[in-house]
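New to this one? Take a moment with the sequence and the 3D view, then read on.

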Amino acid sequence: MTEQKAKQRPEFRNINFFSDLPTYRLPLAGIISILHRVSGLLMAILLPFIIWMFDKSISSEISFDSFTSVFAGPFGWCAKLVCLALIWAYLHHFCAGVRHLVMDVNHHAVNKQTGKSTAATVLVISVALTVVLGAKLFGLY
């Protein structure tokens with residue numbers, strides 16, 4: 001009787017936050033998934049700002065003028081940065097949400113290569129649209 005060597009089983013252990021996390025390389029699909037959650041949280045946090053902008057923009061001509069004066073005032077760049085963050089959050093959340101829906105519907109799309117390519121596509125599309133709309137927001141065209 002020959003004793004067969006037992007196959008080495010992988011060792012699973014808890015991840016140490018301080019030593020393991022900085023060296024952990026998360027795949028692009030994981031980064032996009034985390035950014036999807038961050039963008040959703042950002043939109044939820046900025047919801048009072050969204051409601052304020054909507055209310056000021058449609059109430060009357062006077063409120064619309066006061067709304068636009070916020071973006072033209074001395075701290076207009078700060079309001080524009082908040083709007084830019086909101087634009088990115090919406091665009092990224094939308095694109096990543098469509099990606100997740102496609103993966104839910106088409107189970108053949110759930111593999112490593114497709115996940116990597118769709119994650120890169122989501123990142124490129126959301127950043128490109130944010131740059132275009134940010135350029136419009138800051139008056140570059």
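Here is a quick tour of one helix and its surroundings. Keep in mind that you're looking at a predicted model. We'll stick with helix 1, which covers residues 28–45.

**Length**
- Helix 1 has 18 residues, and at 1.5 Å a residue they should span 26 Å.
- The C-alpha atoms at the ends of helix 1 sit 25 Å apart, which agrees with that expectation.

**Meeting helix 5**
- Helix 5 takes in residues 112–137, and its axis comes within 8 Å of the axis of helix 1.
- The two axes cross at roughly 45°, so helix 1 and helix 5 count as oblique to each other.
- As for handedness, the crossing of helix 1 and helix 5 is left-handed.
- On the helix 1 side, the residues in contact are Leu28, Ala29 and Ile32. They meet Gly115, Lys116, Ala119, Ala120, Val122 and Leu123 of helix 5.
- Sort the residues of this contact by class and you get seven nonpolar, one polar and one charged.

**Buried side**
- Gly30, Ile32, Ser33, His36, Ser39 and Met43 are the buried residues of helix 1.
- Those buried residues pack against helix 2 (47–58), helix 4 (76–105) and helix 5.
- As a general point, an α-helix has 3.6 residues a turn, so residues three or four places apart point the same way.

**Leucine 41**
- Is leucine 41 buried or exposed? Leucine 41, part of helix 1, has a relative accessible area of 53%, over the 50% cut-off, so leucine 41 is exposed.
- Leucine 41 and histidine 93 are 52 residues apart in sequence, while their C-alpha atoms are 9.9 Å apart in space.

Definitions and conventions
Residues are numbered from 1 along each chain as its sequence is written. This is a predicted model: local features need pLDDT of at least 70, side-chain atom pairs count only at pLDDT 80 or more; totals for chains, interfaces and linings use all residues. Side-chain values use heavy atoms; hydrogens and water are left out. Axes are lines fitted to C-alpha atoms, for helices over the stretch in contact, and angles run from 0 to 180 degrees between N-to-C directions. Helices (H or I, at least four residues) and strands (E, at least two) are DSSP runs, numbered from the N terminus. Angles under 35 degrees count as roughly parallel, over 145 as roughly antiparallel, 65 to 115 as roughly perpendicular and the rest as oblique. A crossing is left-handed if the near helix is turned anticlockwise from the far one by less than a right angle, and right-handed if clockwise. Contact means heavy atoms within 4.5 Å. Ala, Val, Leu, Ile, Met, Phe, Trp, Tyr, Cys and Pro count as nonpolar, Asp, Glu, Lys and Arg as charged, and the others, Gly among them, as polar. The expected span of a helix is 1.5 Å times one less than its number of residues. Buried means under 20% relative accessible area, exposed over 50%, partly exposed in between (1.4 Å probe, protein chains only).
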